[in-house]
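Me: I am new to this structure and would like a close look at one part of it. Could you pick a single strand and walk me through what surrounds it?

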Amino acid sequence: MIQIENLTKTYRTGFFMHQKPALKGISLSVPRGMIYGFIGPNGAGKSTTIKILTGLLGADSGKVAIAGMPPKRPQTRKILGYCPEQPYFYDYLSGRELLSFYGRLVGLEGATLNARIQWALQTVHADKDWIDRRLRTYSKGMMQRVGLAQSILSKPELLILDEPMSGLDPMGRRDVREAILSLNQEGVTIFYSSHLLSDVESISERVAMIVDGKIVREGTVEEITESASTEYHVRTGQTLLEQDLPQNVVSTGHPQEWVCKDATSKDAFLSYCLSHNISIEKMENSRPSLEEVLTKEIARAES
Amino acid sequence: MLSLKNIAIIAWNTFRESVRDKILYNIVFLTIALAFFSIVLGEWSVFDRAHVIKSTTLSIMSLSGLLISVFVGISLVQKEIQRKTVLTLLSKPISRGTFILGKYLGLMGVVAVHLSILSAVYYSILFLTHSSPTLSLLQAIYLVFWELAIVVAIALLFSSFSTPVLSALFTLGVYFAGHLSGQLLEQVRFVQRMGEITGGMSTLLEKAAVVIHAVFPGLYRYNISAYVIHGVALPDNYLLWSSLYAIGYISVFLGIASWWFSRRDFL
């Protein structure tokens, strides 16, 4: 559904037009029907990528295609729904008037338009009284729901959401998560960026991690966390001395409990136990969270 | 690709947005107040009262339209960009040209309503003061409308790539250049005929005046208050040619604005 190859984008800022590279040749591919998370720290290039995908920004070089079509073409955006980060709307309209305006822009009319507005409001849990109030009276959560509702009015094949859960309370986050899952069940491909990594871990089928304009990890959450260093906690039947053990096997402070820092040291430690007739009582591996992997990648990029 | 339906939807939304703008109401009320003040001016003036009222009110109409075109026109596009409403709008299947044209027609709707209200006020004043209201005055109002149509297109062109303050300055600059370019050319030719400047300098000045006259829209053509007030007949098809002239300039300005806007990045 989304194909990005070697995408670059540089901003020119200030009086002297200093160049600030935002994207340094990123590539990724999002298959049809997938929930795809796009994570990274502030200023990493998430919103830039999303704005290029929605045709709001032009790329310097590289290829971008949505269902095989360039995003700058209005026809491409017929199959696309987009909700920007902290959406801003015409605050002199009510939520329903705003949805009616956007609905007509995507070709809906009359009874079909009203039915679609109702469906969108129900999907994002916004079919409440406040929808007929002026938008200037809305809270951030209400605005976010209206933003999400306008993005799905056309029943898009691809939904691009920039930080859809930011600033929402736990109930709001749950509602947005449910909406994403239910739309995905209807066949909508979802590409979204988020800072809330626990949400990303719970709903994304694949994730791309962008740091300093480069994709540093890509895959399922399991693949990403497995590819990062995994520690193995081993409990032996006998007490051992740390100096006798292979490299990268360290004590937890207990003479029978050991931590192997990686798979190689784990294999070496198991071979050592086998050759010295040492029984293993328990072994578990602790995988880092997505947040830990991201933090390490940020630290690596900064260093 | 331009979609007429989407242009109409954006135009209607723009109209709705503009009529809720406080600046607009301030300008409209001030204009109506000034129009009534023209009665006082007519009484004070040593000239014919009816002529003073007619010419003052027509000038007020033109100036207030200019204020709306410049300030509301420029803020319309800039507000969309600054408030980031443009992000959601342009992610819909509409071209940037559709956006510009919709904004333009929406604001022209506001200008048309403004001129209609003022025309009603104008004719009421003329009736009240027994200042011989004639239908020919509508010709002058018709051309004020086309003049403002050009000014709105200029304002949209500048606001598609510049800041609000600079856009306002550029638009006013073109407005005044457009009003004075005819006079400038006449003056240069007059001075040449009188032999006050000769040789290379004379040719250079004439060429400069010709270029200015050709490039800037001749907005002075749209001020026919002297004709209608004094009952002088307009040349044949003057209104038709003036309308076509305006449509030509508007097409060029909006074409450039759309092209520029379509190259623009929205952060």
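Reply:

**A strand on the inside**

Let's settle on strand S6 of chain A, residues 158–162: five of its five residues are buried, so the strand is largely enclosed by the rest of the structure. Please keep in mind that this is a predicted model.

Which residues cover the two faces of S6(A)? On one side sit Leu158(A), Ile160(A) and Asp162(A), and on the other Leu159(A) and Leu161(A); all of them are buried. "Buried" here means that 20 or more other C-beta atoms lie within 10 Å of a residue's own.

Now look at the strands beside it. Strand S5 of chain A, residues 80–83, pairs with S6(A) in the parallel sense, over four bridges. To find this pairing in the view, start from Gly81(A), whose bridge partner in S6(A) is Leu159(A). S6(A) also pairs with strand S7 of chain A, residues 189–194, again in the parallel sense and over five bridges. Here you can start from Leu161(A), which has Tyr192(A) as its bridge partner in S7(A). Between S6(A) and S7(A) the chain passes through helix H5 of chain A, residues 170–185, and this β-α-β crossover is right-handed.

From here we can step out into the wider setting. Ile190(A), a residue within the 189–194 range of S7(A), is among the residues that touch the most other members of the largest nonpolar core, which has 137 residues. The others named with Ile190(A) are Ala149(B), Val152(B), Ala153(B) and Leu156(B). Helix H6 of chain B, residues 137–159, gives this core its largest share, 18 residues. Take Ala153(B) as an example: leaving aside neighbours within four places in sequence, Ala153(B) is in contact with Tyr104(B), Tyr249(B), Ile250(B), Phe253(B) and Leu254(B). There is also a second, separate core of six residues, including Val234(A) and Phe269(A).

Where does S6(A) fall in the domain assignment? Chain A is divided into domain 1 (2–225) and domain 2 (230–286), and residues 158–162 of S6(A) lie in the range of domain 1. The C-alpha centres of the two domains of chain A lie 46 Å apart.

Finally, a look at where the chains meet. The contact takes 22 residues from chain A and 19 from chain B. On the side of chain B, helix H1 (4–18) and helix H4 (85–90) are the elements that give two or more residues. That side divides into seven nonpolar, six polar and six charged residues.

Methods
Residues numbered from 1 in each chain as written. Chains lettered and ligands numbered in written order. Predicted model: local features only at pLDDT ≥ 70, side-chain atom pairs only at ≥ 80, totals over all residues. Domains from an automatic or database assignment. Contact = placed C-beta atoms within 7 Å. Nonpolar A, V, L, I, M, F, W, Y, C, P; charged D, E, K, R; others polar. Core = buried A, V, L, I, M, F, W, Y, C linked by C-beta atoms within 7 Å. Buried ≥ 20, exposed ≤ 12 C-beta atoms within 10 Å, placed from the backbone. Pairing = 2+ DSSP bridges. Right-handed = clockwise from strand over helix to strand, strands pointing away.
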